[in-house]
Every structure is written in structure tokens, then in C-alpha cells.
Amino acid sequence: MTTLRLSFDRIRKQLAIIAKHPYFGFVVFGAILVVLRLLALGGIIPNSLMKSLVITMIYAIVALGFSLLLGYAGLASLGTAGFVGLGTYFIGHFSGTLGYPFLATILISLLGAIVLGAIVGFISLRIEGMYLAIITLGLSEIMREIFKSFTAFTNGVNGLGFRDFTLFELEVSEAAVDFIVIFVFILLIIGTLNIIKSPTGRALLAMKNSDSAAQSMGIGLMKYRLLAFTLATIYAVIGGLLYMMDQQFSIPTTWSLDFSLNILAAVVVGGAQSITGIILGTFTIFGLNMTVLKEIAFFREYPDATWIVSGMLIILITMFYPGGLIRLLLAIKFWLIKIWKKLKRKWSVYRYGEDD
Amino acid sequence: MIEKLLYVTLAAVGIYYLVDLAVLSRVKKRAVYRAKLLNLLMLLSVLAGFAFAIKEMTLYLFLQIVLLNIVEMCVLVLATTGIVLIFKTSVTTNFAQGTVATVGAFAAAKLIIYLTANTAMPMSTKLILALVFSAVVTFLIGLFIDTVIFRNSRYSNPVGKQMITMGIVLVLFGLMPVLFGLLPLTIEAFSYFPYEIQLPNFPYPLILPAQNLIALLITVGMLVFLFAALRFTKWGLGVRATASNETVAGMMGVNTKLITALSWGIAGAFGGVAAFLFAPVGSSVTVSFMTPVQVNAFLASILGGFSSFGGPLVGAVLINLFSSIASFLNSVWTNVIVYVLVLLLVLVKPLGLFGKKTAKKV
């Protein structure tokens, strides 16, 4: 009997240690997503809900990359849409039109992302602050023009379709794509966590707070700016690849300024410096539109009116909670703890009388 | 054409490094002379580029394209002025400039529909009324943005303010279909009459649409009014004081709040007029019909440099000339050529053509 109890205690201690691991929450989150997807396969959850969840996850991947730029390196960029669009056309052209093997496509995409990120990084060494945001906006517009006019690569304004996707000579079904998205999502969350907690992440943060101070501590601006932009571009291109697998269609009008602004909104609303915050923000900006607001009659009549909600959220949160929703949640948590303590004290006074 | 430009650029770069190494390394104030040399070489190469382009497309065609593009130029100049005015007083790049302007154009189009249905005014009166209405509506929106949103945002840093303007863009994008319906509207031109100008030595007369002339007159009038106000009125003095240092201006008794609010309003009105003029050219008023103008206006401000009022205007005119020439060279890749050119120019001079370096406190 006692041995059993001891082993129970040991298991509980082990579990407590595991639960404290920084990955734990995200792995559980991934497991929940997988379970949800399985439930959708069984027909318990509507398929449309699952579809919006998956696309929101893809946006969250892009937002994670963007948060490395904005939240950690302090570089404002509005070129996200162009990079995501590029990812979709990479897989659409190389895997779809030309029929290259999937691994080759991934290699090409990553190489393209690295080269592009390095170019933007070099530009960022010379142009700073608000000027950089506008220049990256110009870059994104250049890429959109290329998507429109370079028809051999992108099929122009008609959009590029991508069907019958094979991975290692196996036909990949829609459900499998969803599992791939969940897997990559969790993997990239863990990757981001590692980057943030590493010396690289701290160097980026130092650079954000003060260029000069960071340089005087031996942090090379060039290396870390290039790194930040390359990472963000890689995340965006991966987001694009997954987007194409999921939606099977890409058209230049999607990759306009609105898309970049929405990603920015997601990062700002959630809280640019916390992974939980970014996931929260993405689900608020994109998920809310696709699941909750769709059901309201007013928004069904005017589908674009959902932007009012996200716009108001951005304005209010920047005005009153610059730390994002995650700060708001923390504030509410502390407030609840305070109330709980007060109630506890009152209860003990009532139960046992005033302390002398 | 393209290879000639390439040779010019290479020659300029070569001259720059040669002079820098051979002559300037022995002079005392090397950095100052270097900057001057860079400016001179850039000016020369841009002029050379224009000369080549004009030779390639003949002076007649160049003038004709410029005359036909006057409306776009006016719209760009007006939009850029609005953005610079707000940057000067609020230290933020206003992403909502184009969207606020779009609301003005929608309101004007709705007013025209209302007047046509209920009164028997001639078209020109309706259009003038609509123009004023557009300006008033956008003026009020600008005032509202500053007094209600910007004045109450406690934690305002430049990036935060940028976010707020992006939020305003999204809100207005959502509101417009609700307020004005889902269908695109149209605003007619003041006149469709083309003037013909016969210059000596030209084979054909140049064509100048009357609408372009009217747009030019409106724009020049507004700009003269604005610059005169900036130069001679108390408000203008206040704007310049606020632009140089808001806190100190406030201490010296300048009502910075009023001045900022008025600047937002005036910038909004400029946008409203710009959208009204752009609507006949851009075929119809839709939610995002001002977005290309907005992007170009930003690039123009960057090209000219935010530090002066005149620089961005020159930038706007330059961008318009670039796109006129580029549209002749290759109609598909026009925008790409213009953007890449601007990008290269800005990479050479990161603070813009007329930008001044500000000392940074560490």
C-alpha cells in the first residue's frame, strides 16, 4: 500500500516537473488541436469551423515571424503580404506547374526566403524607423506587381490553382494537410520560443531598446538585423506554402496592404512580445471574424464590416493597453487574485474573529 | 535606353569614388564635400536620365504624356501635402489619409445623386457643391481623429500612433459599405472639352483636357493658400513651432492642441479634394480606389524627405514624371520601374533628396 502511494507521489512530482516545462502548454495546445481535427473527421464539429481554425493557424505562423521583427528587433515592416504571396507561388509553380518533388520546392523556397530577407535586411541598415515601414510597403507593392504581370510564374491576375498535391509520392488529402499545419505550427512555436530565450533573442531585444547601447556591448547591428529579417521572411514563406496547400488557390489581390495590416493588427492586439499573446491576437482578429461574427445578421449583409471590429480593437488597445490583450489578461488575473485574497481574509475574520 | 541609364549610373559611381579618393581625401572637411559631390552627381544623372528619355520619346510625346497626367500629379501632390502636414505636427505617418479621402469622395458622389434627384441644378453647380462637401466631410473626420483618438491616447509613441492610423483605415474600410452601399459610385468630370495648343516646330497640336486645367488650378490655388498660411499667419507660425519642438512650443504659449487638430482637419480636406479630382480618372469610387495614390504619396514623401514642406512636393512631381516616362517604355511594368527607381534613390540618400540629418541623443 505504502509503495503504491510512494510511486503515485513520484509520478505526481514527475508530472509537476513536466508541466513546468516551457513547451508543455504549447504541446498540450497542439494535442487539443489534433483532437479537434479528429472530432471534425468524426463529424462532431462542423468542418467549416475547422477550416477557419486551420487558416487562422497559418496566419499565426506568419504573425510569429512578424513578432520577431516588431516585438524583438523593433523593426516595423509592411512587406509581409508580399513574402507570404511569394511562398504560395513558390509551391504553386515548382510543385504544381513544374511537378518538382516536394523537398526540392521547400529547398528553393527557403533559399528564396533567405536571399530576400537578406536584401531587406541590408536595406534596413540604411533606412530606419518609419521610413523603413514605407520602403517595405513599396517592396511589397513591387512584388504584387510582379505577381500580377509575371504570368509564366504566377498565372497573373487569374490566380494560380494548386491541386493533387503529392508528398513522397503519396496523395495528400485535406485532413492530412490540416495535420501538417498543426504540426508545423507547434514546431515553429517551439522554435520561436528557443530563439527568444537564446542569446540571439536577447541581442535582438537589446537592439530594439537602443541601437547604440547594443552596439557598444558588442552586438553587430548588421548580423542581427539580417537575421531578424531572414527569420521573418522564412516564417512568412512557410506560411505561404501552407496557405497554398490548404486553400489550393492564390490570387494577387489577396497579397495587398490589407493583409500586412491585418497581421500587424494581430501582433499588436495580442501583445508583440509574448507567443501566447500573438496566438491570442491572431485568433481574435482572424478567428473572431470567421467564426463568431459570421453568425450575426448585420455582418452577413456587409461582410467587410467585420473590419470595424478589428480596427476598433487595434485603436482601443493601442490607446489604453499598449502591451496587448495578454497584458489585459494578466491585469485581470492579478485583480482576481487580489479579490480572492480579500475575500479569504474576510472569511477568516468572520470564521475565527479578528486577529489581535 | 535602359543600358544608357546603366552607363550613366556606373559613370556617376565611378566619378564619385575617384574624386573621393583622389581629391577629397586630402581636403579637411571631407564629409561635407562628399555630400555635396553626391548631390551634384545625383542631380546630373537624374537630369541625364530625363534627357535620354525625352530624346527617345521626342519632346512632343513627352509633353503630351505630361499634360495628360496632370490630374494624377495634382492628386499625388495634394495627398502628399496632407501626409507631410500631419507628420510635421503629430510625428506620425498617416496611413488613413487615402481612406479618409475615399470617404469624402463617397459623400460627394452621394450628394450629387441626391441633388440630381431632388433639384434641377446645372451639373457644374452640383459638382462645386460636392467638392466643397467632400472637403468639409474630410475636414471633420480629420478633426475627429485628432480630438477624440489622438488626444486621448495616453501611451503615444510614434509606432503606436502609426498603429492607430492603421486601425482607422480598417474601421473606415468596414464602415464605408455600410454607409454608402456596396456598389461603386461615379463622379463626373467638370468638363470633357479638350483644348488644342499648337506650338511652333511641333507636327501636331498638344491636347490639354479642360478637366486637367481645372484640377491644376484648384491644386495650385490650394497650395498657394496653404504655403501663404504657413508663412504669414499665426497658425502657420504655430505649425512651424510645433513641428520643430512640440513641448517647447506649448511652453511658449502656442496652443499646440488646436494647431494639431487644425492640421489634421486641413490635411483631411486636402485628401478630400484629391479624391474628388481622382474619381473621374480612376473611373469609379470604390473602397480602395485611393490605395495606389496613398502608396505613391508615401514614396513621394520618402523621396523628398519629411524634413521640409517643399521636398515631398518635388518628390510627388518627380514620381509622376518617372511614371509618365516608364509608362511609355513599358506599360506592364510601369509601377515596378518607378518603385525600383525610388528605392535606389532613397538607398543613396536615406533621408530623402532634401532631407536634413537630425542629431540623435543617445
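**View 1. Gly99(A) takes a positive phi of about 75 degrees just after helix H4(A).** The model shown is predicted: local features need pLDDT of at least 70, side-chain atom pairs count only at pLDDT 80 or more, and totals for chains, interfaces and linings use all residues. Residues are numbered from 1 along each chain as its sequence is written, and chains are lettered from A, with ligands numbered from 1, in the order in which they are written.

**View 2. Helix H4 of chain A comprises residues 80–97.** Helices are DSSP runs of H or I with at least four residues, numbered from the N terminus. The end C-alpha atoms of H4(A) are 25 Å apart, which agrees with the 26 Å expected for 18 residues at 1.5 Å a residue; the expected span is 1.5 Å times one less than the number of residues. Of the 18 residues in H4(A), 16 are buried (20 or more other C-beta atoms, placed from the backbone, within 10 Å of the residue's own).

**View 3. Helices H5 (residues 97–118) and H11 (residues 256–281) of chain B pack with their axes 7 Å apart, at an angle of about 60 degrees.** That angle makes H5(B) oblique to H11(B), oblique being what remains outside under 35 degrees (roughly parallel), over 145 (roughly antiparallel) and 65 to 115 (roughly perpendicular). Axes are lines fitted to C-alpha atoms over the stretch in contact, and angles run from 0 to 180 degrees between N-to-C directions. Residues of H5(B) that meet H11(B) include Gly98(B), Ala101(B) and Ala105(B); those of H11(B) include Gly268(B), Gly272(B) and Phe276(B). Contact requires C-beta atoms, placed from the backbone, within 7 Å.

Key:
Helix = DSSP H or I, 4+ residues; strand = E, 2+ residues; numbered from the N terminus. Buried ≥ 20, exposed ≤ 12 C-beta atoms within 10 Å, placed from the backbone. Contact = placed C-beta atoms within 7 Å.
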